[in-house]
Amino acid sequence: MLSTTSSPNRLPAGTRTTDPTFSPVPARVRIGTPPVAFRAMGLRSRLGRARDAWSSHLATIRASEVVDDRIWQELGDALILADVGVATADELLDEVRQRVGREGVDDVDGVLGILKSVLVDRLGGADRSLALGGSPSVWLFVGVNGVGKTTTIGKLGGREADAGRHVVFAAGDTFRAAAADQLAMWADRAGAPVVRGAEGADPSSVVFDAVEHAAARGADLVLADTAGRVHTKSNLMDELAKVRRVAEKGSGTVTETLLVIDATTGQNGLIQARQFAEVAAVTGIVLTKLDGSARGGIVVAVQEDLGIPVKLVGVGEGADDLVEFDPVDFVDALFAVDVTA
Ligand code: GDP
């Protein structure tokens, strides 16, 4: 039996969507500037351990007066320890060496400046916007258990509601009773309804109901959680395909499939991510727990390996701890000399 709960303090159904500013949503609308509260905190102060690990290496490198073999070795070690991956670290350093030679750079700061620019080039150029364009649009969240899907949906739902969008949460992780309760709490905070099913119910039916619920009320967006059980590849493919098909059965359109990866799992996380990326048409990565990982380089590895842009980064458990990934800010934050943002 499916049920819908909503916050007692939420606006009456349809209130937001009766405002001509918000509805109907034109095709392929892109999210513009996020609310100030969401952007206000600098990445630099929030990368936590990801920055600390770099900082100690960079301090050693910066202390050197000359660019010698030891510096190149130190840079290579720093990149590998930061989880950039061995092959990518080698490629990055080759590129930096070539530019250092070409540009006649002979000081450590110059070398670091070139490394920053090479990193920004590698990470840059991707479209990181989150697409809208259905009535409602559906954003599916996929990934293994515990990576932070439910938390990310909660944070993002709050942000979208603050931006004036009428959001519906779909508790599609029916295999973990706590997941629906957790999502209901976030929905309550966002003043948004959550559609949930009985424990063990078919996740697709929950997503279907949420889309119907959203369509009936003229809501803009359904944020759908999915179960993160470890599957065989064919089960995973079948289940995700079914959720997607059902989400689009009525008037819903899946405009984003966001793969959530836990940064603290490093290269293991990458292996799981590859499996998901092979079976689902993933449009973006959310990299969570970057605050608790000493390995900020995983951002580079994920994007290089999967060829899918990192769109959002989780830097804590609170409602504001989700930031849009910006390559320049990110690289600046990693290379910043002090930790005061
Ligand atoms: P799910 O199983 O994928 O839905 O994962 P959950 O959303 O339940 O998250 C698992 C745990 O990770 C929870 O304790 C969250 O509070 C925590 N978590 C999620 N995102 C972040 C993050 O960006 N930083 C930190 N430090 N913890 C996070």
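In the predicted model, a backbone N or O atom of Gly146 is placed 2.7 Å from an oxygen atom of the ligand, and a backbone N or O atom of Lys149 lies 2.8 Å from an oxygen atom of the ligand. A side chain also takes part, since an N or O atom in the side chain of Gln182 is found 3.0 Å from a ligand oxygen atom. Of the 580 Å² of accessible area that the ligand has on its own, 81% is covered by the protein. The surrounding shell comprises 18 residues, the closest of which are Gly146, Thr150, Thr151, Asp291 and Glu317. Helix 7, which spans residues 149-162, supplies the largest share of this shell, with four residues.

Glu317, one of the closest residues to the ligand, is also engaged from within the protein, as the side chain of Asp321 reaches the backbone nitrogen of Glu317 at 3.3 Å. Asp321 itself belongs to the loop that joins strand 8 (310-314) to strand 9 (322-324). With a relative accessibility of 14%, Asp321 counts as buried because this value falls under the 20% cut-off. When residues up to four places away in sequence are set aside, Asp321 touches Arg46, Lys155, Val313, Gly314, Val315 and Gly316.

At the level of the whole chain, 13 helices and nine strands are assigned, and buried residues account for 53% of the 341 residues. Among contacts between residues at least 6 apart in sequence, 79% join residues at least 24 apart. The accessible surface of the chain amounts to about 14,200 Å², and carbon and sulfur atoms contribute 51% of it. Confidence in the model averages a pLDDT of 82 over the chain, with 82% of the residues scoring at least 70. Over residues 6-41, however, the pLDDT is below 50, although this stretch has 63 contacts in the model beyond near neighbours in sequence.

In soluble globular proteins, nonpolar side chains tend to be buried together. In the present chain the largest nonpolar core contains 82 residues, and those with the most contacts inside it are Phe169, Leu259, Ile285, Leu287, Leu290, Val302 and Phe330. Helix 6, covering residues 108-123, gives the most to this core, with eight residues. A second, separate core consists of 15 residues, among them Val168, Val211, Ala224 and Val254. For Leu259, one of the residues with the most contacts inside the largest core, the contacts beyond four places in sequence are with Val142, Gly143, Ala273, Phe276, Val282, Gly284, Ile285, Val286 and Leu306.

Leu306, which is touched by Leu259, is also one of the buried residues of helix 12, where it is joined by Ile298, Val299, Val300, Ala301, Val302 and Gln303. Helix 12 is thus mostly covered, with seven of its nine residues buried. The helix is followed by Gly307, which adopts a positive phi near 65°.

Several backbone features deserve separate mention. The peptide bond from Ser135 to Pro136 is cis, with omega near 5°, and Pro136 is placed in the loop between helix 6 and strand 2 (137-142). Positive phi values also occur in residues other than glycine, including Asp83, where phi is near 75°, and Lys289, where phi is near 60°. Asp83 lies in the loop between helix 4 (69-81) and helix 5 (86-103), whereas Lys289 is found in the loop between strand 7 (284-288) and helix 12 (298-306). The two positions also fall into separate accessibility classes: Asp83 is buried, with a relative accessible area of 7%, while Lys289, at 31%, counts as partly exposed because its value lies between the 20% and 50% cut-offs.

Helix 4 further contains Asp77, which has a relative accessible area of 34% and is therefore partly exposed. Asp77 and Ala89 are twelve residues apart in sequence, and their C-alpha atoms are separated by 8.7 Å in space.

Note on methods
Residues numbered from 1 in each chain as written. Predicted model: local features only at pLDDT ≥ 70, side-chain atom pairs only at ≥ 80, totals over all residues. Heavy atoms only, no water. Core = buried A, V, L, I, M, F, W, Y, C linked by side-chain atoms within 4.5 Å. Buried < 20%, exposed > 50% of the residue type's maximum accessible area, 1.4 Å probe, protein only. Helix = DSSP H or I, 4+ residues; strand = E, 2+ residues; numbered from the N terminus. Contact = heavy atoms within 4.5 Å. pLDDT = per-residue confidence, 0-100. Near = heavy atom within 4 Å. Polar contact = N/O pair within 3.5 Å; in protein donor to acceptor, adjacent residues only side chain to side chain. Areas by Shrake-Rupley, 256 points an atom, 1.4 Å probe, with all protein chains shown as cover.
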